[in-house]
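Got your viewer open? Then grab the mouse and come along for a walk, one selection at a time.

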There are 2 protein chains.
Amino acid sequence: MGQKEWTFRAIGYVRSCFTEWTEADVMRQEESELVLDPEFVEGLEGLQPGDVLMVLYALHRVKEPRLKVHPRGDPTKPMKGVFATRSQYRPNPIGLTGVRVLAIEGNVVRVRGLDALDGSPILDLKIASDLDRPPDPPEPAR
Amino acid sequence: MGQKEWTFRAIGYVRSCFTEWTEADVMRQEESELVLDPEFVEGLEGLQPGDVLMVLYALHRVKEPRLKVHPRGDPTKPMKGVFATRSQYRPNPIGLTGVRVLAIEGNVVRVRGLDALDGSPILDLKIASDLDRPPDPPEPAR
């Protein structure tokens, strides 16, 4: 069914104090910076402190995709299909995390809530919206 | 800062009754199907009807990325940076939508709430989780 491979260009990278795998809940308490390539700065216009951003980034350190994983990497939990988890070992290593915008300073967006390692390539930033949740079910017929 | 280009492979495609651009709110009321390549079926294990899935897909019909857009394509709304919107005209044409799982039948996941055109290449499926929202702020010091 058409084209199979899709190539995307990093629009910037993550600056974080975390350089090695760390539990997401720990990483998410700290601040990180989204450092955009200067040519994309115009795309930040209208973004404000307090906004929620969905950050799409490449899981650039992951080398082994898997189809079954232990949820949260916990071997005591029964294995599940990777699409029923948020494991980093995915057929396409794309990370997705919702973060809070703290400040925008030129080409740098300071955020809290990211779980991406230092140097992670950023693929996209999307303001959170009702697209992130399924719509309400249709009204039942009367 | 390291590798700039990232190539991903479609893991399947969207089957939808919409073949031309249509308002997202209209598309999202209808059912769609996520048709996975058979080799990825194992990755669906544990997924259940009622679950919310974040669908990442290639906006395969979009040819002109933009940095400033009218929100929701409405020319009466002042232009904004693309990262402060969900416009399809993005530097990297990746779509993200949260959908409700209705049924899983082999390699086909029937969903409601998707706004992707027929034939859209699927890049990833991720079960919704607390990663989609920023964590609560830290407790204030006392």
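Here is a tour in a few stops, each with something to select and something to look for. One thing to keep in mind all the way: this is a predicted model.

**Stop 1: the two chains**

Colour chain A and chain B differently. A turn of 180 degrees, with a shift of 0.0 Å along the axis, lays chain B on chain A with an RMSD of 0.0 Å. That is how a two-fold axis relates two copies. Want to find the axis from the chain B side? Select B:Thr7: in chain B, its C-alpha is the one nearest the axis, 2.1 Å away. Both copies use the same surface to meet, since 100% of the contact residues of chain B recur in chain A.

**Stop 2: two rings facing each other across the chains**

Now select A:Phe8 and B:Phe8, and show their side chains. How many aromatic pairs are there over all chains? Just one, and you're looking at it: the ring centres of A:Phe8 and B:Phe8 are 6.1 Å apart. Their planes meet at 35 degrees, so the pair counts as tilted. The pair runs between chains, with A:Phe8 in strand β1 (residues 5-9) of chain A and B:Phe8 in strand β1 (residues 5-9) of chain B.

Are these two buried or exposed? A:Phe8 is buried, at 1% relative accessibility, and B:Phe8 is buried too, at 2%.

**Stop 3: a charge above a ring**

Next, pick A:Arg66 and A:Tyr89. The charged end of A:Arg66 sits over the ring of A:Tyr89, 3.7 Å from the ring's centre. Hop over to chain B and select B:Arg66 with B:Tyr89: there, B:Arg66 lies over the face of B:Tyr89, 3.7 Å from the ring centre.

**Stop 4: a buried lysine at the meeting of the chains**

Select B:Lys126, in strand β9 (residues 121-127) of chain B. With a relative accessible area of 3%, B:Lys126 is buried. What does its side chain reach in the other chain? The backbone oxygen of A:Ile94, at 2.5 Å. Within chain B, the side chain of B:Lys126 also makes a polar contact with the side chain of B:Asp124, at 2.9 Å. Show what surrounds B:Lys126 and you'll find residues from both chains touching it, including A:Phe83, A:Gly95, A:Leu96, B:Val52 and B:Met54.

**Stop 5: the arginine next door**

Keep B:Asp124 on screen and add A:Arg90. The side chains of A:Arg90 and B:Asp124 make a polar contact at 2.7 Å. A:Arg90 is in the loop between β6 (80-81) and β7 of chain A, and is buried, with a relative accessible area of 1%. Closer to home in its own chain, look for the backbone oxygen of A:Ser87: a polar atom of the A:Arg90 side chain lies 2.8 Å from it. A:Arg90 also touches B:Lys126 from the last stop, along with others including A:Pro65, A:Val82 and B:Leu125.

**Stop 6: the nonpolar cores**

In soluble globular proteins, nonpolar side chains tend to be buried together. To see that here, select A:Leu34, A:Leu47, A:Leu114, A:Leu125 and B:Phe83. These touch the most other members of the largest nonpolar core, which has 26 residues. Which strands of chain A each supply at least two residues of this core? They are β3 (31-36), β4 (52-58), β7 (94-105), β8 (108-112) and β9 (121-127).

Zoom in on A:Leu47. Among the residues it touches are A:Leu53, A:Val101 and A:Ile104, plus B:Phe83 and B:Ala84 from the other chain. Apart from this core lies another, of 25 residues, among them B:Val55, B:Val111, B:Leu114 and B:Ile127.

**Stop 7: far in sequence, together in space**

Two last picks. First, A:Val35, in strand β3 of chain A, which is buried at 6% relative accessible area. A:Val35 and A:Gly119 are 84 residues apart in sequence, yet their C-alphas are 9.7 Å apart in space. Residues in contact with A:Val35 include A:Tyr13, A:Asn107 and A:Ile122.

Then A:Gly113, in the loop between β8 and β9 of chain A. A:Gly113 is buried, at 0% relative accessibility. From A:Gly113 to A:Ala24 is 89 residues in sequence and 9.0 Å in space, C-alpha to C-alpha. Show the contacts of A:Gly113 and you'll meet A:Arg28 and A:Thr97, among others, and also B:Pro135 from the other chain.

Conventions: Residues are numbered from 1 along each chain as its sequence is written. Chains are lettered from A and ligands numbered from 1 in the order in which they are written. This is a predicted model: local features need pLDDT of at least 70, side-chain atom pairs count only at pLDDT 80 or more; totals for chains, interfaces and linings use all residues. Side-chain values use heavy atoms; hydrogens and water are left out. Copies are superposed by least squares on the C-alpha atoms of residues with pLDDT of at least 70 in both. Contact means heavy atoms within 4.5 Å. Rings of Phe, Tyr and Trp (its six-membered ring) pair if their centres lie within 6.5 Å; planes under 30 degrees apart count as stacked, over 60 as edge-to-face and the rest as tilted. Helices (H or I, at least four residues) and strands (E, at least two) are DSSP runs, numbered from the N terminus. Buried means under 20% relative accessible area, exposed over 50%, partly exposed in between (1.4 Å probe, protein chains only). A charge sits over a ring if NZ of Lys or CZ of Arg is within 6 Å of the ring centre and within 35 degrees of the ring normal. A polar contact is a pair of N or O atoms within 3.5 Å; within protein, one must be able to donate a hydrogen and the other to accept it, and residues adjacent in sequence count only if both atoms are side-chain atoms. A nonpolar core is a set of buried Ala, Val, Leu, Ile, Met, Phe, Trp, Tyr and Cys residues joined through side-chain atoms within 4.5 Å. Lists of a residue's contacts leave out its neighbours within four places in sequence.
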